[in-house]
Amino acid sequence: MKRIPKALFALLLSTTLLVAAPAEACTRAVYQGPAGRVLTGRTMDWKLEILSNLWIFPRGMERNGAAAGPNSMRWTSKHGSLIVSGYNIATVDGMNEPGLVVNAQWLVTSKYPENDGRTPRLSLSIWAQYFLDNFATVSEAVEHIRANPFHVGAGEVPGQPGRLATIHLSLSDATGDSAILEWVDGELQIHHSREYQVMTNEPVFGQQLAITSYWQQIDGLSFLPGTSRATDRFARASFYINAIPQTDDPRIAAASVFSVMRNVSVPYGISVSDQPNLSTTRWRVVADHKDKLYYFESAISPNVFWVDLKKVDFSPDSGVRTLDLGDRQQVIFSGEVSSQFVSAAPFVFQPSD
């Protein structure tokens with residue numbers, strides 16, 4: 001009997017585990033073009049309807065970690081940011097003034113440390129925002145958290161009583177650098193390299209790298225896996241993000257990255273009861289780190305619109321502003337929309353235990 005190559009075995013095993021896992025789906029990919037043209041695209045795939053709006057947070061905001069106990073972290077934001085909220089209780093995506101991008105994605109196997117009452121701690125709901133508030137580059141963020149470790153704690157997923165949020169983060173910056181942060185068995189694992197361009201919601205990143213190793217041996221123009229499972233999306237995104245045109249033209253680059261994110265999206269309305277990792281794509285984002293442009297596309301609205309962060313006042317006295325995207329993000333916007341944000345009280349980040 002012919003033996004299965006180790007890389008293929010890892011692929012099949014991770015795919016089998018994925019089918020059994022109650023996860024939600026997302027994909028993130030970083031485009032490294034010429035002349036410093038770096039863009040990060042992501043899909044938000046979620047089985048249930050999700051409330052998401054755009055928010056502008058200025059510099060100088062006083063933050064707390066939204067975690068129970070006296071060891072909850074506190075800080076003042078150094079950088080302003082444009083973010084997408086999840087249920088208006090969490091930051092799930094965003095870009096800050098220097099061009100750092102953070103994407104939160106589901107990872108069902110995440111296991112977070114117990115609260116020891118001593119180690120600095122923050123809620124998962126504000127984990128992504130912590131990086132946007134404090135760091136300009138991936139290297140700066142990674143060096144800081146290695147030297148100043150902290151723990152995170154989870155809260156319940158809205159509309160799903162008893163189910164705690166389980167996520168991992170990807171970071172990318174204007175240099176094309178990347179880091180993947182995952183909590184595995186209560187320990188933070190940091191994968192830091194410019195080579196880590198793609199992340200999906202399953203499996204853990206080390207297994208995703210094994211999948212990449214296998215598919216790099218295949219001619220992607222002749223054959224690529226076509227399902228909506230995370231492993232297949234990872235393979236397609238890894239090939240296409242480097243196969244699309246290499247250009248410094250911001251419009252062509254953004255269109256190219258959007259084409260990749262649409263290729264790895266799950267068709268609207270698709271949901272498989274025994275495979276909740278196959279979840280409808282609700283919205284897509286492409287962030288241009290070089291020109292500080294943040295593009296947004298709703299699955300059920302016909303237009304891509306964007307925010308030019310260079311036109312946004314992030315000064316401490318500028319206040320918090322929001323752009324209401326409506327139910328299922330169906331409000332129609334067009335073109336550059338920074339002037340359409342309105343003043344609002346900041347949402348409250350969901351506390352953890």
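# Strands, rings and cores

Reader: Which residue in β8 is the bridge partner of Met 95?

Author: This is a predicted model: local features need pLDDT of at least 70, side-chain atom pairs count only at pLDDT 80 or more, and totals for chains, interfaces and linings use all residues. Residues are numbered from 1 along each chain as its sequence is written, and side-chain values use heavy atoms, with hydrogens and water left out. Strand β7 (residues 90-96) pairs with β8 in the antiparallel sense over three bridges (pairing takes at least two DSSP bridges between two strands). In β8, the bridge partner of Met 95 is Val 101.

Reader: Which residue in the turn between β7 and β8 has a positive phi?

Author: The two strands form a hairpin. Four residues lie between them. A positive phi, about 105°, belongs to Gly 99.

Reader: Which residue of β8 stands opposite His 168 in β13?

Author: β8 also pairs with strand β13 (residues 167-172). The sense is antiparallel, over six bridges. Opposite His 168 stands Gln 105.

Reader: How many residues of strand β8 are buried?

Author: Strand β8 covers residues 101-106 (helices, H or I, at least four residues, and strands, E, at least two, are DSSP runs numbered from the N terminus). Val 101, Asn 103 and Gln 105 point one way, while Val 102, Ala 104 and Trp 106 point the other. In a regular strand, side chains alternate between the two faces of the sheet. Both sets are buried (under 20% relative accessible area; exposed is over 50%, partly exposed in between, with a 1.4 Å probe and protein chains only), so the count for β8 is six of six.

Reader: Which strands stand at the edges of the nine-stranded sheet?

Author: The open sheet runs β15-β14-β13-β8-β7-β6-β3-β20-β22, with antiparallel pairing. Each edge strand has a single partner strand, so one side of each is left without a neighbour in the sheet. The edges are β15 (187-192) and β22 (342-343).

Reader: What is the bridge partner of Thr 322 in β22?

Author: Strand β20 (residues 321-323) runs antiparallel to β22. Two bridges join them. In β22, the partner of Thr 322 is Val 342.

Reader: The side chain of Ser 178 reaches the backbone oxygen of which residue?

Author: Ser 178 is in strand β14 (residues 178-184) and is buried at 0% relative accessibility. Its contacts beyond four places in sequence include Arg 28, Val 138, His 191 and Arg 194 (contact means heavy atoms within 4.5 Å). A polar contact is a pair of N or O atoms within 3.5 Å; within protein, one must be able to donate a hydrogen and the other to accept it, and residues adjacent in sequence count only if both atoms are side-chain atoms. At 3.3 Å, the side chain of Ser 178 reaches the backbone oxygen of Tyr 196.

Reader: Which helix gives the most residues to the largest nonpolar core?

Author: A nonpolar core is a set of buried Ala, Val, Leu, Ile, Met, Phe, Trp, Tyr and Cys residues joined through side-chain atoms within 4.5 Å. The largest has 65 residues, and Leu 54, Trp 127, Phe 131 and Leu 169 touch the most other members. Five of its residues come from the top contributor, a helix (residues 127-134) with eight of its eight residues buried. That helix is α2.

Reader: How many residues make up the second, separate core?

Author: This core includes Ile 180, Met 199, Phe 258 and Leu 293. Its size in residues is 22.

Reader: Why is the pair of Phe 131 and Phe 135 classed as it is, and what is its class?

Author: A whole-structure search finds 15 aromatic pairs (rings of Phe, Tyr and Trp, its six-membered ring, with centres within 6.5 Å; planes under 30 degrees apart count as stacked, over 60 as edge-to-face, the rest as tilted). Phe 131 and Phe 135 are both buried. Ring pairs link them with Trp 75, Tyr 130 and Phe 150 into a cluster. Their centres are 5.9 Å apart and their planes at 40°, so the pair is tilted.

Reader: What class is the pair of Phe 239 and Tyr 240?

Author: Phe 239 is partly exposed at 24% relative accessible area, and Tyr 240 is partly exposed at 26%. Ring centres are 5.3 Å apart and planes are at 65°, so the pair is edge-to-face.

Reader: What percentage of the protein chain's residues is buried?

Author: The chain has six helices and 22 strands. Of its 353 residues, the buried share is 59%.
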